[in-house]
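Please open the structure in your viewer and keep the selection tool at hand. The tour goes from one pair of side chains to the next and ends with two helices.

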Amino acid sequence: SDLILVVAPSTASVAEVCQAYGAEYVRFDEPGLSAAIHHGLEHGSDADYAGWIADDDVMAPGAVAICANVLDADPQIGLVYGRIRYIDGNSESLWTLRPGRLGIHWARLGKNFIAQPGSLFRLQAYREIGGLDMTLRNSMDQDLLFKFGKHNQARYVSTELAAYRIHAGSITVKKGTGDDESEIVRQRYQSASQRAWARRLRPAIRVIDRVVGSSAKRVPSPPLPT
């Protein structure tokens, strides 16, 4: 497998990081996280499968192989996603999200409980469905998830695949709970009748979001993978 590190030219200690992780450094000067991710994916154009992970998140041991085996077994699957653990700035476990097979369907109505680091996708399928929307600032992963779901190409595995770090500078914290961009993306994949029903059911949807979120925090998480 290949590891590509996409960073701005001003990033310090790039050579040391690449050497430590066996990564290939790709310089990218254009603004925007979506554009940087897309640039890295295109640079790895010979790969069969791809994904991305931020510098503050962590892949679980064996996660790539688990997802690749699912993709190998069925060429109709474009994307695999699974459970993801939330950790704090000190890498202490907070809670584990288990979105399940219905997670992708619920995300079209309520909160998206599927975190991108815990996923892997077929690069050819990524291109066929249009790839990332580079106009999006922080909901590009949700948009990509919906694109795969629209083509019935998403598959859930009940395995912990990654850890998502929550801290003051993370995208989840910065965008808050009422992110307008996430709602814009959600409405792209709703019919007119679905949007009307979503407006009527919004109070109930918000209650369910809170219940699911608080339940995830109460269910004990297994020990951190080693």
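Select R186 to begin: in this predicted model, R186 is buried, with a relative accessible area of 7%. Now add E183 to the selection, and you will have the two partners of a salt bridge, whose closest N and O atoms are 2.4 Å apart. E183 counts as buried too, at 18% relative accessibility, because the cut-off for buried is under 20% relative accessible area. If you show the backbone as a ribbon, you can see that both residues belong to helix α8, where they are three residues apart and therefore separated by about one helical turn.

Before moving on, select D133, D143, K147 and R188 together, since these four are joined into one network by salt bridges that share partners. In total, the structure holds eight salt bridges. As a general point, side chains of opposite charge can pair when their charged atoms come close.

Stay with helix α8 (residues 180-188) and pick E181, which lies in this helix. Which residue forms a salt bridge with E181? The partner is R137, and the closest N and O atoms of the two are 3.7 Å apart. R137 sits in the loop between α5 (123-128) and α6 (140-150), so that this pair, 44 residues apart, links distant parts of the chain. Switch on the surface and compare the two ends: R137 counts as exposed at 56% relative accessibility, whereas E181 is buried, with a relative accessible area of 7%.

Next, select R155 and D74, whose side chains meet in a salt bridge with an N to O distance of 3.8 Å. R155 lies in strand β8 (residues 154-165), while D74 is found in the loop between α3 (63-73) and β5 (79-87), so the pair ties together parts that are 81 residues apart in sequence. Are these two residues buried, partly exposed or exposed? R155 counts as partly exposed at 37% relative accessibility, and D74 is partly exposed as well, with a relative accessible area of 23%.

For the last stop, show helix α9 (residues 192-200) and helix α10 (residues 202-218), which pack with their axes 4 Å apart at an angle of about 70°. The two helices are therefore roughly perpendicular to each other. To see where they touch, select A198, R199 and R200 of α9 together with R202, P203 and I205 of α10, the residues that make the contact. Colour this selection by residue type, and you will find three nonpolar residues, three charged ones and no polar ones.

Conventions. Residues numbered from 1 in each chain as written. Predicted model: local features only at pLDDT ≥ 70, side-chain atom pairs only at ≥ 80, totals over all residues. Heavy atoms only, no water. Buried < 20%, exposed > 50% of the residue type's maximum accessible area, 1.4 Å probe, protein only. Axes fitted to C-alpha atoms, helices over the stretch in contact; angles between N-to-C directions. Parallel < 35°, antiparallel > 145°, perpendicular 65-115°, else oblique. Contact = heavy atoms within 4.5 Å. Nonpolar A, V, L, I, M, F, W, Y, C, P; charged D, E, K, R; others polar.
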